[in-house]
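Visitor: Could you take me through one part of this model up close? I'd like to start at a single pair of residues and work outwards from there.

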Amino acid sequence: MIEFHRVSVRYAGSPEPMLREVTLSIAEGELCLVVGRTGAGKSTLLRAVNGLVPHFTGGTLSGTVTVAGRDTRHHPPRDLADVVGVVGQDPLAGFVTDTVEEELAYGMEQLALPAPVMRKRVEETLDLLGIADLRHRPLRTLSGGQQQRVAIGAVLTCQPRVLVLDEPTSALDPTAAEDVLAVVTRLVHDLGVTVLVAEHRMERVVQYADRLVGLTGDGRVVDGTPAEVLAGIDLVPPLIGLGRLAGWSPLPLSVRDARRHAGDLRARLAGAPAPAPPPAPVGPPVLTARDVVVRYPGTVAVAGVDLDLYPGEVVALMGRNGSGKSSLLWAVQGSGPRQGGTVRVTGPDGAVDPAAVPAQRARRLVGLVPQTPGDLLYLETVAAECAQADRESGADPGTCRRLLDDLTGGLPADRHPRDLSEGQRLALALAVQIVTTPPVVLLDEPTRGLDYRAKEQFAAVVRGLAAAGRCVVLATHDVELVATVAHRVVVLAEGEIVAAGPAAEVMLASPAFAPQVAKVLAPQPWLTVEQVRRALAVTG
Amino acid sequence: MSGPTVARSPAVTRARLPRVLHPGAWWWWALGLATAASRTGNPLLLALLVAAAALVVTRRRGDAPWALAFRMYLLLGAVVVATRVLFRVVLGGGQGEHVLLRLPEIPLPAWAAGIRLFGPVAVEQVLGGLYDGLRLATMLVCLGAANALANPKRLLKAVPGALYAVGTAVVVALSVAPQLVESVQRVRRARRLRGAGGRRMRLLHGVALPVLADALDRSLALAAAMDSRGYGRTAAVPAGARALTGALVLAGLVGVCAGTYGLLDATSPGYLGLPMLVTGLVTAVAGMLLAGRRVHRSRYRPDRWRLPELLVAGCGVLAAGLTTLAVDVHPVLLHPPVSPPTWPELSPLTVAAVAVAVVPAWLAPPPPSAPAAVAHPSVPVGGPR
């Protein structure tokens, strides 16, 4: 269905080609997962399928890409719209119309399908994706998971034979991600659609994939069955890590496979001492919030939340999209609206409410890195950003750069912040925000778009901050990250706290928040591969 | 909702089902009302026209965001009236015998002769301003009514195929604008996180740059999405035909310009006037029709022009016609003299015009009831995107 024959792609101004001599053949009805580190060329590969690379992005493509017999050399993306459906990373950015129904029809209007056909297909697609109740809703009011399903539906109405999805679940909470993936697998099985999907959080998708295409980072690809490819690349989802540790072969791809292997591992671990609970917080809380209320016209985002944060702890704030996590962080920092309740932060000069002091002082009490860290950066180079950060917080020149080097080594000083990778940009924004040494650091969805390696690096940074006596709060959907770093987990729903407690306790209590290792080894209390490794070292 | 007198024939019942009326019908109606308003300075008639528009809007608008803008137009109308009157008081000449109050006059230098600041305020002066302002305000309110009743995007969809590209550009601009506002808010709050101090210039720099970069990213993403979904697919047209359409449109527009010039300039030769204009128009239209044939697309649930549409549009046109007729019959009634001030009166013809204008409140099918929209945070800044 999709044929790549000796395809190389080189963007203007870059010395190295993004893809090098890629030869691939993806058969009809396959679900093919594309994996690779950030910047390895996943998006380039996906966009080459419908000709966006190079027709839209520029650059030079040599070799041939054919889809359903059409060569992208002679067919620009619009002429492939009836064969290939592409859904981008941010569905909202790709919506052309206002309402769900119009969006579903848009592609068909461009293909000049007769009106009766359109009516019928819209109804079918609404049912197929389970979004019939949303048909008149404005697209902007949908939740992330609903938007993603509408975006998939909007390309499905043209009945493409190939569906290309770029990080379809990266912004979604675990349950919404499951919904979207269920839709995708259903398309593959019921309609025989060929699906090409890129995903950082491989653990969610890999069990459904028929084939894995791994980008090695130098422009080449390895492809084969998931187990084959995973054995050879340096990206390790937790299940694979556990499988390697326990010496299972073949490597398990789903929790079910792993559990069937895991009997003897559980037996070996039965005698090991349970992982030590995080140390109880010492001293008084550094931040005390009581009855925080945030409301927007027509909705209550945070409905009376109490929160105590202690120095040296890492707290994870979880809950589905729109449950009030971001609003709570912004309210606690003092920059966001807060209609009720009190916040007290113990700073160098007594307890104060960050909302009541100037922004300049509030950031010395609580530092917040927003969901899009790039919003914080506005200068032309990394060096200029660092110098400006030192200046505006009255720190010694060079402080920010030193912090940045601690977080991630060797960022070129003359690089434009927009040209950094997601992980590097996050590190820069974080460095800028902790120059003032705030006792509390809040991070909103920090690991969106980070690969496993970058995530490990980030986890080390968070641990370092906590070890230095800061309190770090992460609002995140990433259960694996939470399992690695968090001491405490707070779960929000509809603006209220529904669960709070030590990380292990909260995460083991519900399957939605349990990391994969816990699912495999339940009822034993292990959350991460690292904990298992240590326990095995003890028991021998 | 519907009166008991409506005949229960199947066709009528179906026509009265809740649905969205063709946006063009509402615009015809509103433009008719605005035309009627422009013909008169009679405050009584103008007030009745505003009331008619408001009644139709409250009975037949949906619950979309643009429908709620009607209040803004009413407010704008009030501002227009107030400004008119204020200007008459501040700058108005001293005509009129019925002086209301005497304000101290501010002496102006000699070069500003002919302009007077303050001074005596006469009833005639104030009334003149009031009538004038009211007429303008009524026309504004009529346009506001059309905006509240008709979805602007659906109207753009109804443009002919030849103008499709222009229509799409407008649609994209319409959807990018609110996003721009949102990203300004987001970035400004992010700036506060960094202390947000600094001078105005730096603040501008810190906000404008990320917002512009954001807008560019969004536009590129949208363009890529539209391209991959088939926007701009053209029917197979040979290059020669494409060049021909381009040349036709260009030549036609040049012809129209020259023709207009010839028509307006009395000294130019005769062939440059009307004949040139007509030739130009015909050429341009032919080119556009040819171009429209290249655009190959269809419409999902197009708005059909049915009987209610015809009736609603007809009401507007009839109201305009009746008022125009009334001007011919009783010019004095439609422009009540301000000096001496007299109580404005209505004639049967003008009353009929207002009655016709208000009929769509019952004649048009009711709008579809609101979908059970669960209010989600209207994208609070810093909240879920």
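Guide: Happy to. Let's start with one bridge: A:Ala316 has A:Val489 in β19(A) as its bridge partner. Keep in mind as we go that this is a predicted model.

That pair belongs to a longer run of pairing. Strand β19 of chain A covers residues 488-493 and runs parallel to β13(A), with 4 bridges joining the two. β13(A) also pairs with β18(A), residues 471-475, again in the parallel sense and again over 4 bridges. For a landmark on that second pairing, look at A:Val315, which stands opposite A:Val473 in β18(A).

Now for β13(A) itself, which spans residues 314-318. How many of its residues are buried? The count is 5 of 5, so to speak a strand that is mostly covered. Split the strand by face and you find A:Val314, A:Ala316 and A:Met318 on one side, with A:Val315 and A:Leu317 on the other. Those residues are all buried, and both faces of β13(A) are covered. The split follows a familiar pattern: in a regular strand the side chains alternate between the two faces of the sheet.

Stepping along the chain, there is another sheet to look at. It is an open one, made of 4 strands of chain A in the order β12-β11-β14-β15, and its pairing is antiparallel. The edges are taken by β12(A), residues 299-309, and β15(A), residues 350-352; each has a single partner strand, so one side of each is left without a neighbour in the sheet. From one strand to the next the twist averages 25°.

At the β15(A) edge, the partner is β14(A), residues 340-347, and the two pair in the antiparallel sense over 3 bridges. To find the spot by eye, pick A:Thr346, which stands opposite A:Ala351 in β15(A). A helix packs on this sheet too: α13(A), residues 325-333, touches β11(A) (287-296), β12(A) and β14(A). The direction of α13(A) makes about 120° with that of β11(A).

Zooming out, chain A as a whole has 22 helices and 20 strands. Its C-alpha trace spans about 70 × 55 × 50 Å along the principal axes. A compact globule of 540 residues would have a radius of gyration near 24 Å, and chain A agrees with that at 24 Å. Buried residues make up 55% of the chain. Of the contacts in chain A with a separation of 6 or more, 68% are between residues 24 or more positions apart.

Chain A also has company. In the contact between the chains, 60 residues of chain A meet 46 residues of chain B. On the chain B side, the elements giving two or more residues are α7(B) (164-193) and α8(B) (200-228). The largest share, 13 residues, comes from α8(B). By type, that side of chain B divides into 21 nonpolar, 13 polar and 12 charged residues.

One last thing on chain B: an unreviewed UniProt entry places the feature "transmembrane region" at several stretches, among them residues 68-87 and 346-364. In the model, residues 68-87 of chain B are 90% helix and 0% strand, with the end C-alpha atoms 30 Å apart. Residues 346-364 of chain B are 79% helix and 0% strand, and there the end C-alpha atoms lie 27 Å apart.

Technical notes
Residues numbered from 1 in each chain as written. Chains lettered and ligands numbered in written order. Predicted model: local features only at pLDDT ≥ 70, side-chain atom pairs only at ≥ 80, totals over all residues. Rg over C-alpha atoms; globule rule 2.2 N^0.38 Å. Buried ≥ 20, exposed ≤ 12 C-beta atoms within 10 Å, placed from the backbone. Contact = placed C-beta atoms within 7 Å. Nonpolar A, V, L, I, M, F, W, Y, C, P; charged D, E, K, R; others polar. UniProt positions renumbered as here; feature names shortened; annotations may be inferred. Pairing = 2+ DSSP bridges. Axes fitted to C-alpha atoms, helices over the stretch in contact; angles between N-to-C directions.
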